[in-house]
Amino acid sequence: MIEYRLDDMTCGHCEKVVRAAIAKVDPQAQVSVDLGAHRVRIDSQQSAEPFARALDDAGYPPAAA
Ligand SMILES: [Cu+2]
């Protein structure tokens with residue numbers, strides 16, 4: 001389980017962008033988003049690194065949750 005805090009993820013639009021960025025890395029990933037806490041949880045077989053990079057590229061630099 002990978003968990004990040006995305007301080008810039010504040011609304012439904014952000015959530016869509018974040019989910020799309022994650023899906024690009026792993027379409028099978030299970031994703032849950034807590035907008036209020038600015039957190040995303042990713043359940044994937046992949047390592048965390050490519051997700052962190054994809055989120056950063058999408059404009060949502062991740063912090064450790
Ligand atoms: Cu937004």
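These exercises walk through the fold of one protein, each with a worked solution.

The model is predicted: local features need pLDDT of at least 70, side-chain atom pairs count only at pLDDT 80 or more, and totals for chains, interfaces and linings use all residues. Residues are numbered from 1 along each chain as its sequence is written.

**Exercise 1.** State which elements the protein has and in what order they run.

Solution. Begin with the count: there are two helices and four strands. Helices (H or I, at least four residues) and strands (E, at least two) are DSSP runs, numbered from the N terminus. Next, read them from the N terminus, which gives β-α-β-β-α-β. The radius of gyration is 10 Å, close to the 11 Å of the globule rule for 65 residues, so the protein is as compact as a globular protein of that length. That radius is taken over C-alpha atoms, and the rule is 2.2 Å times the number of residues to the power 0.38. Finally, the C-alpha trace spans about 25 × 20 × 20 Å along its principal axes.

**Exercise 2.** Work out the strand order of the sheet and how strand 3 is paired.

Solution. The four strands form an open sheet in the order 2-3-1-4, with antiparallel pairing. Two strands pair if DSSP finds at least two bridges between them. Strand 2 and strand 4 (63-64) stand at the edges with a single partner strand each, so one side of each has no neighbour in the sheet. Helix 1 packs on this sheet and touches strand 2 and strand 3. Now take the partners of strand 3. Strand 1 (residues 2-5) is joined to strand 3 by four bridges, and Arg5 stands opposite Arg39. Strand 2 (residues 30-34) pairs with strand 3 over five bridges, and Gln30 faces Asp43 across that pairing.

**Exercise 3.** Find which side chains of strand 3 are buried, and which nonpolar core the protein has as its largest.

Solution. A residue is buried if 20 or more other C-beta atoms lie within 10 Å of its own, exposed if 12 or fewer, and partly exposed in between, with C-beta atoms placed from the backbone. In strand 3 (residues 39-43), Val40 and Ile42 point to one face and are buried, whereas Arg39, Arg41 and Asp43 point to the other and are not. The largest nonpolar core (buried Ala, Val, Leu, Ile, Met, Phe, Trp, Tyr and Cys residues joined through C-beta atoms within 7 Å) has eleven residues, including Val40, Ile42 and Phe51. Helix 1 (12-25), strand 3 and helix 2 (48-57) each give two or more residues to this core. Beyond four places in sequence, Ile42 is in contact (C-beta atoms, placed from the backbone, within 7 Å) with Ile2, Ile22, Ala29, Val31 and Phe51.

**Exercise 4.** Describe where His38 lies and what His38 touches.

Solution. His38 is in the loop between strand 2 and strand 3. This hairpin has four residues between its strands, and His38 takes a positive phi near 55°. With 18 other C-beta atoms within 10 Å, His38 is partly exposed. Leaving out residues up to four places away in sequence, His38 touches Arg5, Leu6, Asp7 and Met9. Asp8 is 30 residues from His38 in sequence, yet 7.5 Å away in space, C-alpha to C-alpha.

Methods. Contact = placed C-beta atoms within 7 Å. Axes fitted to C-alpha atoms, helices over the stretch in contact; angles between N-to-C directions.
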